[in-house]
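Here's a short set of exercises to work through with the model open in your viewer. Have a go at each task before reading its solution.

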Amino acid sequence: QVQLVESGGGLVQAGGSLRLSCAASGRTFSSYTMGWFRQAPGKEREFVAVLIWSGTNTYYGIYADSVKGRFTISTNNAKNTVYLQMNSLKPEDTAVYYCAADPKTMGITTAQAAKVNEYDYWGQGTQVTVSS
């Protein structure tokens, strides 16, 4: 089992940047596929980004089209932390951002990794508000 705690949310003007952090405790961090999702008021939770493990200490990021080129997902395995660097923020990025962990790593497809119900563990969320 793994516990996830997000931090780094806040209020920022359009065009600004924020970096979210997700600290994981419990099982070995690299045993999970780690993703970020978000949920705006009145909307369903949606995929933002995921780290796909492709081998020992190697991975690549997959992004939703709406954030591609603006957001970057990364990890510091030594700190058991995954990050979401968010640049050029827009008002439509306003949402509660959640970190999620999926025990499935090898063989997970991009389509699977983008689904909310693929993930077993979730953090409590951190609010990001982008003003126009």
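**Exercise 1.** Are Asp-93 and Arg-70 buried or exposed? Work that out, then trace the salt bridges around them.

*Solution.* Bear in mind that this is a predicted model.

- Start with accessibility: buried means under 20% relative accessible area, and both Asp-93 and Arg-70 are buried.
- Next, look at the charged ends. Asp-93 and Arg-70 make a salt bridge, with 2.7 Å between their closest N and O atoms.
- Now place them in the chain. Asp-93 sits in the loop between β8 and β9, and Arg-70 in the loop between β6 (58-63) and β7, so the bridge ties together parts that are 23 residues apart in sequence.
- Then follow shared partners: salt bridges join Arg-70 and Asp-93 with Arg-38 and Glu-46 in one network.
- Within it, Arg-38 and Glu-46 have their own salt bridge at 2.6 Å, N to O. Arg-38 is buried at 5% relative accessible area, while Glu-46 is partly exposed at 37%.
- Finally, tally up: the model has four salt bridges. One of them links Lys-68 and Asp-65 at 3.0 Å, N to O, and Asp-65 is exposed at 67%.

**Exercise 2.** Find the disulfide and say which strands it ties together.

*Solution.*

- Search the cysteine sulfurs: the count is one disulfide. Cys-22 and Cys-99 form it, with sulfur atoms 2.1 Å apart.
- Read the torsion: -75° about the S-S bond makes the link left-handed.
- Map the ends: Cys-22 is in strand β3 (residues 18-26) and Cys-99 in strand β9 (residues 95-102), so the link ties parts 77 residues apart in sequence.
- Check the surroundings: Cys-22 and Cys-99 are both buried.

**Exercise 3.** Work out the strand order of the four-stranded open sheet, and find its edges.

*Solution.*

- Walk across the sheet: the order is β1-β3-β8-β7, paired antiparallel.
- Spot the ends: β1 (2-7) and β7 (71-76) each have a single partner strand, so one side of each has no neighbour in the sheet.
- Take the angle: neighbouring strands are turned by 20° against each other on average, direction ignored.
- Zoom in on one pair: β7 and β8 (residues 81-86) share six bridges in the antiparallel sense, and Ile-73 has Leu-84 as its bridge partner in β8.

**Exercise 4.** Which residues have the most contacts inside the largest nonpolar core?

*Solution.*

- Count first: this core has 38 residues, and the best-connected are Trp-36, Leu-84, Met-86 and Tyr-97.
- Ask who contributes: strand β5 (residues 46-55) supplies the largest share, six residues.
- Follow Leu-84: beyond its sequence neighbours within four places, its contacts include Leu-18, Trp-36, Val-48, Phe-71, Ile-73 and Tyr-97.

How values were computed: Residues numbered from 1 in each chain as written. Predicted model: local features only at pLDDT ≥ 70, side-chain atom pairs only at ≥ 80, totals over all residues. Heavy atoms only, no water. Helix = DSSP H or I, 4+ residues; strand = E, 2+ residues; numbered from the N terminus. Contact = heavy atoms within 4.5 Å. Disulfide = S-S within 2.5 Å. Buried < 20%, exposed > 50% of the residue type's maximum accessible area, 1.4 Å probe, protein only. Pairing = 2+ DSSP bridges. Axes fitted to C-alpha atoms, helices over the stretch in contact; angles between N-to-C directions. Salt bridge = Lys/Arg side-chain N within 4 Å of Asp/Glu carboxyl O.
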